[in-house]
Amino acid sequence: MASTETVHDVEVTHPDKELWRGVTKTDLAHYYDDVADVMLPHLRDRPVSMQRFPDGIGGHGFYEKRIPAHFPEWVDRVTVPTADGEQEQVVVSNARSLVYLAQQACVTPHVWLSRRRHLHQPDLLVVDLDPSGRDLPALRRATRLVGELLDGLGLVPFLRTTGSRGYHVTVPLRPEAGFDEVRAVAAEAADLLVEREPGLFTRAARVADRGDLVYLDVLRNGYGQTVVAPYAPRARPGAPVSTPLEWEELSSVEPDGYDLARVRRRLAQRADPWAGLRRRARGLGRARERLAAMRS
DNA sequence: GATCCGC
DNA sequence: GCGGATCAACGCATT
DNA sequence: AATGCG
Ligand SMILES: [Mn+2]
Ligand SMILES: [Mn+2]
């Protein structure tokens with residue numbers, strides 16, 4: 001019985017430790033190694049926050065933003081300004097670093113919406129749909145309405161499961177406007193939807209005030225805020241994965257519909273639906289104009 | 001998961 | 001050398 | 001300033 005395993009030149013200690021029921025550290029390391037080709041383009045140049053569960057998802061978990069001193073020099077990093085100074089965070093630039101995150105029991109990497117060259121200008125806009133209840137048809141209709149509105153604003157919305165309870169709609173941007181401007185546009189779009197469909201959407205900050213409506217979270221669009229990385233597993237039973245989808249799949253794939261094994265199979269059979277996302281980047285100018293017109 | 005401290 | 005304690009986020013909105 | 005939230 002070897003007490004360590006080697007995956008992509010990374011020593012995996014406690015290789016048989018279960019992070020999820022039936023899913024070991026070695027399994028996670030191989031998953032990361034296998035999906036690296038599709039995952040890395042979405043991680044490239046983005047500061048990462050690591051959500052770690054050294055004793056498995058049933059144990060104590062924590063977020064880690066600062067890169068620990070013991071990380072090897074071949075794990076890339078970036079220094080980012082914070083409210084009181086600056087700090088160094090991980091950047092996942094290659095498959096080996098991703099496998100190293102598995103060794104660290106990082107079950108879910110979270111990434112910034114901006115990249116190192118323009119830390120203050122996001123190249124993604126995200127509308128995070130958080131259902132309060134269990135009405136899946138309503139959640140799907142809500143998600144489709146978000147996509148249609150953003151499309152109507154001249155933007156190109158992309159869809160993914162969160163691996164948890166909701167979906168994300170993601171729009172690629174040219175990194176020009178600051179976070180506050182991007183968030184303001186997202187908030188105005190969300191408010192418009194609440195106005196149109198008050199029985200479906202809410203923007204109430206307090207959970208208790210949301211009833212069973214779908215919460216439109218646009219606060220992800222902030223400096224230093226993160227979203228779960230595409231193809232990241234989640235710390236939930238069954239090792240569900242946040243999975244990019246074609247819009248046509250919205251009606252057939254549930255928010256936690258893909259797990260580690262299913263994503264492997266999916267990617268062996270078809271390309272990443274988000275592969276062309278960067279080429280769809282737009283500025284916010286036209287969207288602002290159309291939004292103003294719709295509101296009047 | 002990794003490090004540090006005390007025994 | 002081993003067991004135990006300790007540490008590992010933060011920006012934005014609301015009140 | 002403190003709390004809630006993701
Ligand atoms: Mn431990
Ligand atoms: Mn969400």
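**DNA strand B and the manganese ion**

Student: Which residues are around DNA strand B?

Tutor: This is a predicted model, in which local features need pLDDT of at least 70 and side-chain atom pairs count only at pLDDT 80 or more, while totals for chains, interfaces and linings use all residues. Residues are numbered from 1 along each chain as its sequence is written, chains are lettered from A and ligands numbered from 1 in the order in which they are written, and side-chain values use heavy atoms, without hydrogens and water. A residue is near a strand if one of its heavy atoms lies within 4 Å of it. Around DNA strand B, these are Lys17, Lys25, Arg52, Pro54, His70, Gln103 and Gln104.

Student: How much of the part of DNA strand B within 4 Å of the protein is sugar and phosphate?

Tutor: A phosphate oxygen of the strand lies 2.7 Å from a polar side-chain atom of Lys17, and another polar side-chain atom, from Arg52, lies 2.8 Å from a sugar or linking oxygen. Of the atoms of DNA strand B within 4 Å of the protein, the share of sugar and phosphate is 89%.

Student: Which residues are the protein donors of the manganese ion (ligand 2)?

Tutor: Donors are N, O and S atoms within 2.8 Å of the metal (3.2 Å for Na, K and Ca); water is not among the atoms, so sites may look incomplete. At 2.1 to 2.5 Å from the manganese ion, the donor atoms are OD atoms of Asp128, listed twice, and Asp130.

Student: Is Asp128 buried or exposed?

Tutor: Buried means under 20% relative accessible area, exposed over 50%, and partly exposed in between (1.4 Å probe, protein chains only). Because its relative accessibility is 7%, Asp128 counts as buried.

Methods
A polar contact is a pair of N or O atoms within 3.5 Å; within protein, one must be able to donate a hydrogen and the other to accept it, and residues adjacent in sequence count only if both atoms are side-chain atoms.
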